[in-house]
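This report describes the side-chain pairings of the protein shown below.

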Amino acid sequence: MAAVLARGLARGWAARGALRAGQRCLAAPGEQDGEVGKARRVAASGEEASGQATIFSKIIARSVPATILYEDDKCLVFRDVAPQAPVHFLVIPKRPIPRLSRVGPQDTELLGHLLVVAAQMAQAEGLDDGYRLVINDGKHGAQSVYHLHLHVLGGRQLGWPPG
């Protein structure tokens with residue numbers, strides 16, 4: 001895995017802790033209606049049960065572009081297109097799992113792998129002072145893409161409570 005991380009670094013990642021040119025953190029504290037509203041619309045549309053390709057499955061297939069930081073046979077890591085912190089990336093399994101509440105004992109190894117990759121990527125991104133790991137689940141958890149994903153956020157002091 002270290003060799004793959006090194007290759008990712010060699011591809012020219014953006015400077016640690018800095019947003020890319022033209023990129024900004026979209027939600028200020030208390031201004032999360034956009035994502036919550038999107039999650040409500042997606043839940044109402046029945047997208048979870050539709051079996052249609054998600055934006056994340058399209059990123060895995062390379063039919064939608066993304067800034068990919070890391071990839072192995074089980075997962076993909078890429079920058080969030082609407083960052084909520086100076087460093088914000090997603091860790092997703094390649095095997096589609098709609099949401100955390102749908103996992104079973106057969107997913108134990110994969111879930112552990114996602115957490116280890118998240119920690120290693122946080123270290124590679126220079127998040128030595130800490131970071132937050134977030135998994136949204138369902139409408140009330142503001143999940144807007146029904147493909148399990150871990151948000152890793154850092155690069156600044158994060159507030160508490162988060163929601």
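A salt bridge is a side-chain nitrogen of Lys or Arg within 4 Å of a carboxyl oxygen of Asp or Glu. The model is predicted, so local features need pLDDT of at least 70 and side-chain atom pairs count only at pLDDT 80 or more, while totals for chains, interfaces and linings use all residues. Residues are numbered from 1 along each chain as its sequence is written, and side-chain values use heavy atoms, with hydrogens and water left out.

A search of the whole structure finds 6 salt bridges; three are tabulated with their closest N and O atoms.

| Acid | Base | Closest N and O atoms |
|---|---|---|
| Glu109 | Lys74 | 2.3 Å |
| Glu125 | Arg79 | 3.0 Å |
| Asp107 | Arg95 | 2.7 Å |

Glu125 lies in the loop between α5 and β4 and Arg79 in strand β2, so this pair ties together parts 46 residues apart in sequence. (Helices, H or I of at least four residues, and strands, E of at least two, are DSSP runs numbered from the N terminus.) Glu125 is buried at 3% relative accessible area, and Arg79 is buried at 9%. Here buried means under 20% relative accessible area, exposed over 50% and partly exposed in between, with a 1.4 Å probe and protein chains only. Asp107 is likewise buried, at 2%, whereas its partner Arg95 is partly exposed at 41%. Lys74 is partly exposed at 25%, and Glu109 is exposed at 54%.

Elsewhere, Arg62, Glu71 and Lys94 are joined into one network by salt bridges that share partners.
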